[in-house]
Amino acid sequence: MQVDSSPRAVAAPEESSSTSELSKPKLSDQEKQALHERFAQKFGSMDKERSLKRQRVEQLMTDIDKQKEQIIPHQKFTPLETQVVELKAKYPGCLLLIEVGYKFRFFGEDAKIASRILHIANFIDRNFYVASIPVHRLNHHVQKLVKAGYRVGIVRQTETAALKAVGSNRGQPFQRELQQMITKGTMVDDMVSPQSGGYLMCLVEEKRGGHGSDERVYTGMVAIQPSTGDIIYDTFEDTYMRSELETRLLHIEPSEILVPRILSKPTEKLVKHLSLQKSTSFGEESVRIERMPSDDTFCGDYNAALTFVSEFYTSTPSLSQVVELPDIVIKTLACIIRYLDEFNLTNTLKNTKFFKHFVSASHMLLNGNTLVNLEIYRNNTDFTEKGSLFSVLNHTGTKFGQRLLKKWVGRPLVDLDRLNERINAIEELISTDNPKKNKALSLFTKLPDIEKGLCRIHYGRSTPKELIQVLDALIRISTAFLKAHEPRFSSDLLNRLFDTLPTIHDTVVEFREAINPNFSGDNLIDLFRSEERWPEIPKQKKNIKYVETLLVDHLEELKTTTHMNDLKYVTVAGIEYLIEVPNTRTKKVPNDWIKISGTKAVSRYHNKYIINQLKEREQYRELLALSVEKAYKDFLSEISENYEQFREVVSVLAHLDCLLSLTITASQSDYVKPVFNADQQETEIQVVNGRHPIVERLSSTYVANDIHFSGSQKAMILTGPNMGGKSSYIRQIALISIMGQIGSYVPATSATLSILDAVYTRMGASDNMMRGESTFMVELHETADIMKYATAKSLVILDELGRGTSTHDGQAIAYAVLKHFVQHIKSITLFVTHYPSLGKLVKTFPGHIRNCYMSYIQEGDDTDFANIVFLYKLVDGIALNSYGMNVARLANIPLSVIKAAKQKSDEMQKEMEERQFQNRRIQVLKSIMQPSYDTEQIKHELSML
């Protein structure tokens, strides 16, 4: 073919192309429509098919939920899908993770939920939506789903590939069973998890009459923390406000509550509030609510509950103690045992030694309002521990010590002997040079969460790595204090605690010596030093060794038969016993060899004999794995028999950790050891230069104030300008009293305290919209509860009572309530008010009430807006002005609005003064008109004009 090489010839095609494009006829609308239809026919149907597929799967999921039996025979399901349908029907309401090969899969609606929570893809595979996660990320994703409030079930394959291949069901799908179920309240997480699994609380109610605001219920409560084994029970009668239930919720902070299908309306509203709120005084996460089955009989039938509980405790020595529990606790216990049985977590309930009554005669119970108002556990800003009393006292080195200290903080002691024993131990720890103190401090910084570790051993869920951590920690503890010749403490409490630690030494060492010291944690097969107790393990190891010997012998035979003396076995990409042959000699390879892999230089083969031997070895390996797993479970069970003894040592460690934590608090500057009044008949609080333990951390110029309540003077009316420090002062009194009864030193120069039986607070204004109650209703309900329960040995704080209604009504209620406390209850009472007229009660009860206010300096003329300098110092007297305009200015209210308010305030003040003047004149005239009038009295009244 000839080619014209002239420039003209080369350029011609471009011109031609350009011309053809320019001359290309435009498509008509009809032709465009035809082209579009062809395009849509070819590509547009994909969206339609995808949409139809989605609709079909959605409909199928709906039909399966309604009528599983009718759907399965007529629907083309794979064997795995049939298994999924059966599992979902067996465990309704449970989000299932199903092991399929090297992944866990979600099916159907579960896949959509997992996709949303875990941010993973979901797609349609045959008849179901499917999502999957890798096996090694299981725990991470399970925690996310549980935290989101779901009940999660883990379904595992219960047979291995090698054993299935020689079994009778080799043509069937892998058998799968639900092996673990987890919710917020039943999570037994690993030892290194930063958070402990929360409490599971069970409630059962019985109505005690009344309607509306007079309704009363009798409630039984059992709460268990599965990750630590703590169990709390209680019974209590509650009012319409459910203040008793609220107190227990604030102390325990459950992460899950098990309740009957039908609850009383106030309790139902409170429970719903807990389930909806993300961050409240009750905790930083919403609480999961689990309803009991619709066919439940335990809540209403004591005999059924008692029979069930008795059967559960029949084989334990605890039966006689359990049946003595109150009837409603038996019902509650039956419900929680039934529920925990689904999760295989009933072990810790069998030992009643760890049952603790919520209310104790030796402890003061801080009620819900006090916990919140005084910020005992959490601050009222973002509901975290920072800025709470607990954060001030918490210097613990261990997680289990921190948990015990939290209980101490919420339950101050009322037993003087125990209190002195604790505070004297702290005093000795501050000054002692006993080496045991420094040993303990050093140990606490390195200890894992042994309490959680012991619980995981008790449940049979501990990993070998965790087991070794727990045993090694217990050995370090018992060995450190094994020497009997070390110096003793003066405190009997410290001696008792340290003497308990070495008691477990021999037992722990025996268990640790059973474990191979060189165990790396990778292979359970190498865990035990000696396998004599489990003969199946050495048997399977011998079988494996025998097969491997046969394979070595077989290689020698192959060298002879093939005349290739350089044959050798290699392992490539995890495939063992590959016969490697150079490519230059592949012609000598027998025809029955199977090529597995190769490179440019070599080829690698298996023959039938090797394949069969490897299959047999794999069967022995899986039998060995099963034998080792069984031996490990037996070993955990054996350790678990000593659970009570080990748990006792952990309790002692926690106690020591708390004492050392309070020692660190006491060592701070200007903290002093409180002295307790031994006279049980007199209640006094005498503090010199007392300070607010939380606020002083935020301010370097905190102004200290004295506190004096003694003899008959047990009430104070506190007035003063807004923001003048009234609330800080009254909280300071309560916190110092509570700290003293915890056993802590207190922020003051000196402190003499009496044992209080309770601290009650009524502070702040808040609607309880969840219960449909106004601010004033909440205010009076709380005040009524305090008036009912307070005694002469209580500390009562009432902050601005009566401000939620009209001035006259509020003032009258405040007057009557304060008079009742002074005249009848005779508790130490702090009454903060903006009603100066209440100060007149001092004349009615001389020597019983003291008028005080937080001092200040007023700068500027009265006609202008006063500039207030707060001195934050308590002085005697009454503050007649609250200086609300000053606060309005600080809050950036527009100046024009403040001026209008000031003008109106002056007018109202003038009107009130004129009215008072007229009333006094009328009173003088009435006195003069009396037949026998008192001249001195009339002179006094005239002077008042």
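Visitor: How many helices and strands are there in the protein chain?

Guide: There are 32 helices and 28 strands in it. Keep in mind that this is a predicted model. Of the chain's 945 residues, 48% count as buried.

Visitor: What share of the contacts joins residues at least 24 apart?

Guide: Take the contacts between residues at least 6 apart in sequence: 69% of them join residues at least 24 apart.

Visitor: Let's pick a helix. What span should α24 have, and what do its end C-alpha atoms give?

Guide: The general idea is to allow 1.5 Å a residue. Helix α24 covers residues 643-666, so its 24 residues should span 34 Å, and the end C-alpha atoms are indeed 34 Å apart.

Visitor: Is α24 mostly covered or mostly uncovered?

Guide: Mostly covered: 18 of the 24 residues in α24 are buried.

Visitor: On to the nonpolar cores. Which residues have the most contacts inside the largest one?

Guide: For a core, look for buried nonpolar residues joined through side-chain atoms within 4.5 Å. The largest here has 180 residues, and Leu333, Leu349, Ile376 and Ile450 have the most contacts inside it. Helix α24 turns up again, giving the most to this core with 13 residues. Apart from it lies another core of 22 residues, including Leu95 and Ile182.

Visitor: What does Leu333 touch?

Guide: Setting aside residues up to four places away in sequence, Leu333 touches Val222, Val309, Tyr313, Val322, Leu325, Leu349 and Phe355.

Visitor: Now a sheet. What is the strand order in the open sheet of 6 strands?

Guide: Read across it and you get β24-β25-β26-β21-β27-β28, with mixed pairing. The edges are β24 (758-762) and β28 (867-876); each has a single partner strand, so one side of each lacks a neighbour in the sheet. On average, neighbouring strands are turned by 15 degrees against each other, direction ignored.

Visitor: Which helix packs on this sheet?

Guide: That's α26 (residues 726-742), which touches β21, β24, β25, β26, β27 and β28. The direction of α26 makes about 160 degrees with that of β25.

Visitor: How do β27 and β28 run, and how many bridges join them?

Guide: They run antiparallel, joined by 7 bridges. For one bridge pair, look at Cys852, whose partner in β28 is Asp876.

Visitor: Ser855 sits in β27 too. Why is Ser855 called buried or exposed?

Guide: The cut-off for buried is under 20% relative accessible area. Ser855 has 9%, so it counts as buried. Beyond its neighbours within four places in sequence, Ser855 contacts Phe870, Leu871, Tyr872, Lys873 and Val875.

Methods:
Residues are numbered from 1 along each chain as its sequence is written. This is a predicted model: local features need pLDDT of at least 70, side-chain atom pairs count only at pLDDT 80 or more; totals for chains, interfaces and linings use all residues. Side-chain values use heavy atoms; hydrogens and water are left out. Helices (H or I, at least four residues) and strands (E, at least two) are DSSP runs, numbered from the N terminus. The expected span of a helix is 1.5 Å times one less than its number of residues. Buried means under 20% relative accessible area, exposed over 50%, partly exposed in between (1.4 Å probe, protein chains only). Contact means heavy atoms within 4.5 Å. Two strands pair if DSSP finds at least two bridges between them. Axes are lines fitted to C-alpha atoms, for helices over the stretch in contact, and angles run from 0 to 180 degrees between N-to-C directions.
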